[in-house]
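User: Please take a close look at a single part of this model and describe it in one connected account. I should like to know which side-chain pairs occur there and where they sit relative to the surrounding secondary structure.

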Amino acid sequence: MMPTTRRATFRAVLAATAAVVPLTRPVRAAAAQPPAASREATLYKNPQCDCCEGYAAYLRENGYVVRVVPSHDLALISRQQQVPPALEGCHITMVDGYTVVGHVPIGPVNRLLAERPDIRGISLPGMPMGSPGMGGPKAAPFTIYTIQRDSAAEPAVYAVE
């Protein structure tokens, strides 16, 4: 049994260590981990598209629960989500009230869900080589655009990756 003074010293050191340890843990950026509720996604794709399946797998690898819905009505879904034709991609993902069009890298998706801007969603138009789910080398930086709530408003650059 420890003498009273050693026990008191031991408890003081233990209490001081416990107070410091939480401060030394690494802090994750808010965009790195969106809230758990926002990690469920529904991806609408053409039934014959394999790259869309690749994007769904990419989202799953990054912690999302993804439901894939094959559809021949992507043009209709794009209109319903007010995606301008210039921002259309080969699939549309709905996640926590936002529309994510195309092969958007995970960083901008997580940032969108963490920051919750007043926009309809984001888009990486087309099918750029080297983007998540697409094959080949990345030829140029990916420019991700906003899909504005006001369909008359011009898209803005949301991120460049």
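Analyst: A helix is taken here as a DSSP run of type H or I with at least four residues, and helices are numbered from the N terminus. The model is predicted, and the part examined is the sheet together with the helices and charged side chains that meet it.

In helix α2, tyrosine 55 and tyrosine 58 are 3 residues apart, which places about one helical turn between them. The structure contains 1 aromatic pair. The pair consists of tyrosine 55 and tyrosine 58: the ring centres are 5.8 Å apart and the planes meet at 35°, so the arrangement is classed as tilted. The tilted class covers plane angles that are neither under 30 degrees nor over 60. Both tyrosine 55 and tyrosine 58 are buried.

The sheet comes next. It is open and has 7 strands with mixed pairing, in the order β2-β1-β3-β4-β5-β6-β7. Its edges are formed by β2 (65–70) and β7 (157–160), each of which pairs on one side only. On average, and ignoring direction, neighbouring strands of the sheet are turned by 20° against each other. Within this order, strand β1 (residues 40–45) runs antiparallel to β3 and is joined to β3 by 5 bridges. One of the residues on β1, lysine 45, stands opposite histidine 91 in β3. Helix α2 (residues 50–61) packs on this sheet and touches β1, β2, β3 and β4, while its direction makes about 165° with that of β2.

Lysine 45 also links strand and helix through its side chain. It forms a salt bridge with glutamate 53, the closest N and O atoms being 3.7 Å apart; the cut-off for such a bridge is 4 Å. The two partners differ in burial class: lysine 45 has 3% relative accessibility and is therefore buried, whereas glutamate 53, at 34%, is partly exposed. The whole structure holds 4 salt bridges.

Another of these bridges involves aspartate 96 and arginine 116, whose closest N and O atoms are 3.0 Å apart. Aspartate 96 belongs to the loop between β3 (91–95) and β4 (98–102), and arginine 116 to the loop between α4 (106–115) and β5 (121–124), so the pair ties together parts 20 residues apart in sequence. Aspartate 96 is partly exposed at a relative accessible area of 34%, and arginine 116 is partly exposed at 40%.

The second helix of interest is α4, which lies across β3, β4, β5, β6 (143–147) and β7, running at about 135° to β7. Within α4, glutamate 115 and arginine 111 are 4 residues apart, about one turn of the helix. Their side chains meet in a salt bridge, with a distance of 3.1 Å from N to O. Arginine 111 is partly exposed, with a relative accessibility of 26%. Besides its bridge to glutamate 115, arginine 111 lies over the face of tyrosine 158, at 3.9 Å from the ring centre.

A further contact between a charge and a ring is made by arginine 39, whose charged end sits over the ring of tyrosine 64 at 4.7 Å from its centre.

Terms used. Residues are numbered from 1 along each chain as its sequence is written. This is a predicted model: local features need pLDDT of at least 70, side-chain atom pairs count only at pLDDT 80 or more; totals for chains, interfaces and linings use all residues. Side-chain values use heavy atoms; hydrogens and water are left out. Buried means under 20% relative accessible area, exposed over 50%, partly exposed in between (1.4 Å probe, protein chains only). Helices (H or I, at least four residues) and strands (E, at least two) are DSSP runs, numbered from the N terminus. Two strands pair if DSSP finds at least two bridges between them. Axes are lines fitted to C-alpha atoms, for helices over the stretch in contact, and angles run from 0 to 180 degrees between N-to-C directions. Contact means heavy atoms within 4.5 Å. Rings of Phe, Tyr and Trp (its six-membered ring) pair if their centres lie within 6.5 Å; planes under 30 degrees apart count as stacked, over 60 as edge-to-face and the rest as tilted. A charge sits over a ring if NZ of Lys or CZ of Arg is within 6 Å of the ring centre and within 35 degrees of the ring normal.
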